[in-house]
Structure formats: structure tokens, C-alpha cells
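Please work through the following exercises with the sequence and the model at hand. Each task is followed by a solution in steps.

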Amino acid sequence: MKIIHIPCLEDNYAYLIIDEATKKAAVVDPVEPEKVVRVARENGAELKLVLTTHHHWDHAGGNNKMKQLVPEIKVYGGSIDNVQGCTEKVENGDKISLGTDVNILSLHTPCHTRGHISYYVTGKEGDDPAVFTGDTLFVAGCGRFFEGSAEEMYRSLCVTLGSLPKATRVYCGHEYTVKNLQFALTVEPNNPRISQKLSWAEKQRQSHSPSIPSTIEEELETNPFMRVDLPHVQEKLECQSPVEALGKMRKQKDSWQG
């Protein structure tokens, strides 16, 4: 399978997923529909599916226009997330196929929104899997708790997403990596993997290149929100449990000026 970044708005990403055998394609969070259609055409891809991670306008706001531009397209979204233009409601564990080789598994990852869905995508043998995490998991960060609790975010990040194969590529909804890694260093100032990745991410952004994808393995090594099970992280935050540490860390990040 082929995955193409489509930068949108100020710091969003939509993603085109192409089944290379058939050229059938899905698009994740197409907030700028005309741009998405153009990129699909440039790559000889036939748009069949929209995969919406959650209902916020900067992710779902292009769905109705996509349906106008591609009348036969199916629009997937979380069953309890009230996604604009949704034609196919999905729940945790639902499976979708694309073309010959691409298979998509819906994972309910609530907290940022109640019905947030991450999409775990596998291709033909030899392709590393990918997960499209919207605003639940960012590179080195996580989304704000708009509609859920620290316990839900812990389950979404550390159980659901954290248990995916370590080679899984992580494609998130926003380019927040540099700021997230700068904050991560305030939690773990002596973690060399965070410093190394920050240096790399800064170079990527200086050359106007994306810092995405990451991998689940990299996130387990550098993302403080996925490291709250570690005693030294809990100690730094003066917390007694991973869920308490995650909640406190998110509050600190909300008010952190960088």
C-alpha cells in the first residue's frame, strides 16, 4: 500500500491510502476536498472511502464536499461521534476492505471525542502496518481530553494503541511534533531518545518536510503520555498511578507555554 501526506489548513494532515494493485484509495480526514481529489488524480487513484477519525470540523468538515465531488464515495465515522456526512457508522473491531490487499480495522480510541476512531491498516505481505490516530495519539503527545477522562485516554493510548505491533507506522492528525518533544524533555530531561528525535524533527521542519510517521516503538520510547507506567515518570509527576500521572501531565501540557 502507498500512503501520501496531504498537508491541510495550518498544521493538519489528510492522508491518501492507495491499494497499489487496483489503484483504489481511501482518504483520512479530507478537510480540503479539492486538494485531496487533485492528489488522487495525480497518483492515478480512484477514491472509494473517507475514513473520519472524529467529528471536529478540521477533520470532518470536508466530508459533504467530498460527497459532492465523488458522488459514490462512502464516508466512515464513529457510531457515536455524529460525524458530518457519515454514510457508514463504525464501532470498535469493524473491518473494511479496500481493493485487493488493504484491510482496515476500526479501533475505538475515545477521550478527545467520545466516538473517536483510529484506523489500523494492513497491506500485502512485507508492508509495515499503519495506524491513523487523528487527535488521540500525536507524535510524542496526545489530544486534549475534550469529551473523556484520563482513564479513557490511558486505555486508548497505552492499551489499544500501545499493544499494536511495534513496527506500526503512526500517522496523526497534526504537525505538533517539535513542541511535543520539547514538552517531553520537561518530563524526562535525561531521555536521549527524546533529544535525538527532537533534533531530527527540527531539521525535518526546517526543510518543510513532515515529522510523521512515527512508529509505535518510537512512541513507547519517547512519548511521555505512553510512558506513564514507568515508576520514574510517576515519581517526576508526584503521582501514584499511571492514570493519575497521565491526567496531571495533560493538565501541565494544557498550560505549558513552551
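The exercises below concern a predicted model and treat its sheets, its helix contacts and some single residues.

**Exercise 1. The sheet that contains S1**

Task: Determine the strand order of the open sheet that includes S1, and state which strands are its edges.

Solution.
- Step 1. Following the pairings gives the order S1-S2-S3-S4-S5-S6, an open sheet of six strands with mixed pairing.
- Step 2. S1 and strand S6 (88-90) each pair on one side only, and these two are the edge strands.
- Step 3. From one strand to the next, the twist averages 25°.
- Step 4. Within this sheet, strand S3 (residues 24-28) and strand S4 (residues 46-51) run parallel and are joined by five bridges. Lys24 has Glu46 of S4 opposite.
- Step 5. Helix H1 (residues 33-42) lies across S1, strand S2 (12-19), S3 and S4. The helix runs at about 150° to S1.

**Exercise 2. The surroundings of Ile3**

Task: Decide whether Ile3 is buried or exposed, and list its contacts beyond the sequence neighbourhood.

Solution.
- Step 1. Ile3 belongs to strand S1 (residues 2-8).
- Step 2. The relative accessible area of Ile3 is 15%. The cut-off for a buried residue is under 20%, so Ile3 is buried.
- Step 3. Once neighbours within four places in sequence are set aside, Ile3 is in contact with Tyr15, Leu16, Ala130, Phe132, Arg169 and Tyr171.
- Step 4. Leu16 is 13 residues from Ile3 in sequence, yet their C-alpha atoms are 5.6 Å apart in space.

**Exercise 3. The sheet that contains S10**

Task: Establish the order of the open sheet that includes S10, and describe how its strands pair.

Solution.
- Step 1. The order is S7-S8-S9-S10-S13-S14, with six strands in an open sheet of mixed pairing.
- Step 2. Strand S7 (95-98) and strand S14 (214-215) are the edges, since each pairs on one side only.
- Step 3. S7 and S8 are antiparallel and share four bridges; Ser97 is the bridge partner of Asn103 in S8. Three residues separate these strands in their hairpin, where Gly99 takes a positive phi near 60°.
- Step 4. S8 and S9 are also antiparallel, with six bridges, and Ser106 has Tyr119 in S9 as its bridge partner.
- Step 5. Strand S10 (residues 130-134) pairs with strand S13 (residues 169-172) in the parallel sense over four bridges. Gly134 stands opposite Cys172 in S13.
- Step 6. Helix H4 (residues 150-161) packs on this sheet and touches strand S8 (102-108), strand S9 (117-122) and S10. The direction of H4 makes about 140° with that of S8.

**Exercise 4. The two partners of H5**

Task: Describe how H5 packs with H6 and how H5 crosses H9.

Solution.
- Step 1. H5 and helix H6 (residues 192-206) have axes 9 Å apart and pack at an angle of about 160°. An angle over 145 degrees counts as roughly antiparallel, which therefore describes H5 relative to H6.
- Step 2. The crossing of H5 and H6 is left-handed.
- Step 3. In this contact, Thr177, Val178, Leu181, Gln182, Ala184 and Leu185 of H5 meet Ile194, Ser195, Lys197, Leu198, Ala201, Glu202 and Arg205 of H6. The contact residues comprise seven nonpolar, three polar and three charged.
- Step 4. The axes of helix H5 (residues 177-187) and helix H9 (residues 242-255) come within 11 Å and cross at roughly 125°. H5 is therefore oblique to H9.
- Step 5. The crossing of H5 and H9 is right-handed. Asn180, Phe183 and Val187 of H5 make the contact with Met249, Gln252 and Lys253 of H9. By class, three of these residues are nonpolar, two polar and one charged.

**Exercise 5. Backbone exceptions**

Task: Characterise the backbone at Asn82, at Ala140 and between Ile212 and Pro213.

Solution.
- Step 1. Most residues other than glycine have a negative phi, and most peptide bonds are trans.
- Step 2. Asn82, although not a glycine, has a positive phi of about 55°. Asn82 lies in the loop between strand S5 (74-78) and S6, and counts as exposed at 71% relative accessibility.
- Step 3. Ala140, also not a glycine, has a positive phi of about 65°. Ala140 sits in the loop between strand S11 (137-138) and strand S12 (141-142), and counts as buried at 1% relative accessibility.
- Step 4. The peptide bond that joins Ile212 and Pro213 is cis, with omega about 15°. Pro213 is in the loop between H6 and S14.

Key. Residues are numbered from 1 along each chain as its sequence is written. This is a predicted model: local features need pLDDT of at least 70, side-chain atom pairs count only at pLDDT 80 or more; totals for chains, interfaces and linings use all residues. Side-chain values use heavy atoms; hydrogens and water are left out. Axes are lines fitted to C-alpha atoms, for helices over the stretch in contact, and angles run from 0 to 180 degrees between N-to-C directions. Angles under 35 degrees count as roughly parallel, over 145 as roughly antiparallel, 65 to 115 as roughly perpendicular and the rest as oblique. A crossing is left-handed if the near helix is turned anticlockwise from the far one by less than a right angle, and right-handed if clockwise. Contact means heavy atoms within 4.5 Å. Ala, Val, Leu, Ile, Met, Phe, Trp, Tyr, Cys and Pro count as nonpolar, Asp, Glu, Lys and Arg as charged, and the others, Gly among them, as polar. Buried means under 20% relative accessible area, exposed over 50%, partly exposed in between (1.4 Å probe, protein chains only).
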